[in-house]
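Okay everyone, thanks for coming. I'd like to walk you through some charged pairs and then a pocket, so let's get the structure up on the screen.

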Amino acid sequence: MKVTFKGLLNGNMLKIIAAVFMVADHIGVSFAYLIGHEWYIVCRSLGRIAMPLFAFFIAEGCRYTRDRKKYFLMIFLLGLICNAAFYVVMNDVYFCILTTFSLSILLIYCYDEFLSALKSDEKAFSKLISAGYAAAKFALIVILALFIADLTKRTDGTFDYGLPGVFLPLLCYPIKNRWLRLIPFAAGITWSVLSSPFPSPIPYFAFIAVIFVALYNGERGKLNLKYFFYIFYPAHILVIEGIYLLLNI
């Protein structure tokens with residue numbers, strides 16, 4: 001008798017876990033002077049687990065969304081608002097993780113367009129043109145990501161997780177097998193860890209995300225919390241920064 005292991009965690013559970021780690025990370029950033037060095041290290045280390053989990057669900061979102069245009073616009077526009085707010089409040093060139101993931105989504109769409117062109121029933125020349133067009137758009141998005149990375153480097157700004165963060169959802173996307181997809185996922189995390197500005201061992205906590213994804217059962221969960229997570233990112237930053245300002249009045 002064949003025994004299969006069904007994951008213990010649904011999508012909602014994993015996103016909540018990722019959100020908790022993200023909050024811990026941002027508390028470490030904002031309240032380092034209050035919590036002390038040791039707790040700062042703990043918060044920032046736990047925070048490294050969040051991004052790979054959210055990157056995985058960006059890939060899942062692209063796979064299962066019914067409206068790809070709406071999915072992209074929701075994340076892109078929310079990221080644009082957050083970037084503008086960071087600039088106004090901190091006078092800092094800051095491209096938040098939602099901008100990073102917006103580029104990820106576009107890469108995934110181009111990847112799908114490229115494969116669809118190759119599998120189409122068009123004549124060979126037309127197929128080649130369509131595939132070339134998709135590949136060209138893919139290249140332009142990578143160039144845009146490189147431009148943003150260079151811009152933030154020259155202006156002492158921030159591009160959350162940079163090129164590794166842009167590519168991680170794409171690496172999660174093509175393979176549907178729950179075990180095999182852990183290989184490119186772990187490879188993408190390795191790229192991110194090796195590119196991280198944090199001193200060792202903080203970046204290596206990101207590999208814990210592989211364990212959580214291995215426990216994912218492929219189900220969303222009973223509640224539809226999609227819009228909650230869209231709102232949660234800017235909302236929790238506002239709350240943390242509001243508390244920080246109150247403590248420093």
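**Charged pairs first**

So, Lys137 and Glu113 come together through their side chains in a salt bridge, 2.7 Å from N to O. That pair ties together distant parts of the chain, with Lys137 in helix α6 (residues 124-154) and Glu113 in helix α5 (residues 97-119), 24 residues apart. Before I go on, keep in mind that this is a predicted model.

Are those two buried or exposed? Neither, really: Lys137 is partly exposed because its relative accessible area is 25%, and Glu113 is partly exposed at 28%.

Now over to Glu60. Arg63 makes a salt bridge with Glu60, with the closest N and O atoms 3.5 Å apart. Both sit in helix α3 (residues 50-64), 3 residues apart, so about one turn of the helix. Glu60 counts as buried, at 7% relative accessibility, and Arg63 is buried too, at 17%.

Glu60 also has a salt bridge with Arg181, and there the closest N and O atoms are 4.0 Å apart. Here the partners are 121 residues apart, with Arg181 in the loop between α7 (162-172) and α8 (182-195). Arg181 is buried, as is Glu60.

In total we count 7 salt bridges.

**And the pocket**

How big is the second largest pocket? Its volume is about 310 Å³. Of the 13 lining residues, Ala85, Phe86, Val89, Ile237 and Leu238 are the closest to the centre. Helix α10 gives the most to that lining, with 7 residues. By type, the lining splits into 11 nonpolar, 1 polar and 1 charged.

Key: Residues numbered from 1 in each chain as written. Predicted model: local features only at pLDDT ≥ 70, side-chain atom pairs only at ≥ 80, totals over all residues. Heavy atoms only, no water. 1 Å grid on protein atoms, 1.4 Å probe; cavity = no way out; pocket = protein on both sides within 12 Å on 5 of 7 lines; lining within 4 Å. Points joined across faces, edges and corners; volume = space filled by probe spheres on them. Helix = DSSP H or I, 4+ residues; strand = E, 2+ residues; numbered from the N terminus. Nonpolar A, V, L, I, M, F, W, Y, C, P; charged D, E, K, R; others polar. Buried < 20%, exposed > 50% of the residue type's maximum accessible area, 1.4 Å probe, protein only.
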